[in-house]
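Colleague: Got a minute? Walk me through this one, please.

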Amino acid sequence: MAQIDDHERAANSARGKSSKRQRFPNRTSFLAALLTIAETATQSLQTDKILNDTLDKSLEILNFDVGSVRVLDHEAKNTLFRIDRGFHHPANYTPRNQHRIEQLMIKAKEPHISPDIRQDPIHKSQSMEREGVISAAHAPIMSKKRVFGSLTVGSRRFHKFSKIEVDLLKAFGFQLGMALENAQLYDEMRQGKLYIENLVENAGEAIITTDAQDNILTWNHAAEVIFGYAKGEAVGKSLTILVPPGHPNELEDLRAKVQLTGPTRNLEVRRIRKDGVMINVALAVSPIKEEEDKVNGFLHMARDITEKTRYERRLKELDQMKSEFVSNVSHELRTPLTAIKGSADNMLDGITGPLSERQTRYLGRIKSNADRLGRLITDLLDLSKIEAGKIDLKPARLPVNLLVMEAADVLRAVAAEKLIGLEVARADEPVHVWADRDKVLQILMNLIGNALKFTPPHGKVIIAVDNAGAEWIKLSVADTGPGIPPQEAAKIFDKFYQMEQSNRQKTQGTGLGLAISKALVEMHGGKIWIETGIDSGSVFSFTLPARRPLEI
């Protein structure tokens, strides 16, 4: 029996060699076979079609009985695709040794030849043998040294694989690997394209692309909602369908600006919907460039801000009404307040006759509170004028050292009454600023008065003037008060904000002094800030220009 098997193997081997000589007699036939596989593997970008067609063509060219392809998922370490041909019972061909074959391909990156699988330990599961396969060859499917899987061909006759067959099988594996890599890249690009298209289509803003002549190329769902045109109605039309009448050159001017300066953002324009309703949109336009930076189109992103614009306009109107109301009420309050203060002063001066000690004390309270009310009214008037833009600066070159001394002299009596030391740090030389004298004095009075208000008896308030570079002068008011917690310091310049005093009596005032000071400083082009900490005192600083802006 062994002699019959040996004779049969020899005969089969001879037939196989004869077949090979006829099939690949020269280099030309080898290249023809390779070209056929290359054409088959690259005629599609669908992975399953590539695998099926290439396996079929490989078996046809090599004239083998069975074949299979395995494509691996390296991260999950399992089989992504499995294609089989020629097996009588494909469901039975689930070789437990397939993993060893795939690992061998990954490690060796070279074909593995088994003239007799019964003698090859890698086929010890016998699943192919049960299918009647005697000889098999395995080649890695690879590209750029990366193994994607394995290509297997087999014969039910004993077959001694020739070098040209092994070379072809190896070449087929390379062709299949390149085709799979291209398909994978295409799939990744397609997925990326679909992802971007999905983002664009579902974006909350209208996203429109046009060519260089403003013809609409793409139109997303938000554009349909905002402008009322369906995609089919808009694509191919000119973007001028959205431009209100009377603006014939708007798109041309916008294109020229974008080409010259680059992307334009937050441009508020008027646009007209399909139903004729005029809307406000916030527009961003970017150039779409090809090679050599040639602009061949534009990307328009638009957001409907009609309601926002209407709301802001209404807020502005209400703010104006509020400012006018505050101004009118303040003026109306000043008239009777002036009469009250005048009458109290006359009585205290003895014009109405002698006063008792008790009467004098009561009139003193009336006068003190009338003065306080007068200051509050002045603050409200100043704030309403600032918000309405009705305060005009009258800047001039000022000796700021003398201005600081003047403010300190006015408040020195208040400091002495509270037993607080009020000092002015001496400057080495006169320092000048370009500012409005009255407004700077108001800022200083607010900051110094605020420092005296929060500094306890026997404390100290120091005013200093320093250079802050060549263009700016810094003025500082430092105190030895309790300091301000960080969460409070962030709000200290807000209108009507007063710091919570959990362990002290509430201080008098409206919380407008620092807000007004901030506005006046910023009107001069400077900035104001605070440096403070709990139990470490506070330092309020602000800057003013050292000279005319044109001189800076």
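Colleague: What share of the 552 residues is buried?
Modeller: Buried residues make up 40% of the 552. Keep in mind that this is a predicted model.

Colleague: And how much area does the protein expose?
Modeller: About 31,400 Å². Carbon and sulfur atoms supply 53% of that area.

Colleague: How many helices and strands are there?
Modeller: There are 15 helices and 17 strands.

Colleague: Show me a sheet. What is the strand order in the open one with 5 strands?
Modeller: The order is β12-β14-β15-β17-β16, with mixed pairing. From one strand to the next, the twist averages 15°.

Colleague: Why do β12 and β16 each have one side without a neighbour in the sheet?
Modeller: They stand at the edges, so each has a single partner strand.

Colleague: How do β15 and β17 pair?
Modeller: Antiparallel, over 7 bridges. Leucine 475 stands opposite phenylalanine 542 of β17.

Colleague: Now helices. Which strands does α12 lie across?
Modeller: β12, β14 and β15. α12 runs at about 175° to β12. α13 packs on the sheet too, touching β12, β14, β15, β16 and β17.

Colleague: Where do the axes of α12 and α13 come, and at what angle do they cross?
Modeller: They come within 9 Å and cross at roughly 35°. The crossing is right-handed.

Colleague: Which residues meet there?
Modeller: From α12, they include Leu403, Val410 and Leu411. From α13, they include Leu441, Met445 and Ile448. The residues of this contact divide into 14 nonpolar, 1 polar and 2 charged.

Notes. Residues numbered from 1 in each chain as written. Predicted model: local features only at pLDDT ≥ 70, side-chain atom pairs only at ≥ 80, totals over all residues. Heavy atoms only, no water. Axes fitted to C-alpha atoms, helices over the stretch in contact; angles between N-to-C directions. Helix = DSSP H or I, 4+ residues; strand = E, 2+ residues; numbered from the N terminus. Left-handed = near helix turned anticlockwise from the far one by under 90°. Contact = heavy atoms within 4.5 Å. Nonpolar A, V, L, I, M, F, W, Y, C, P; charged D, E, K, R; others polar. Buried < 20%, exposed > 50% of the residue type's maximum accessible area, 1.4 Å probe, protein only. Areas by Shrake-Rupley, 256 points an atom, 1.4 Å probe, with all protein chains shown as cover. Pairing = 2+ DSSP bridges.
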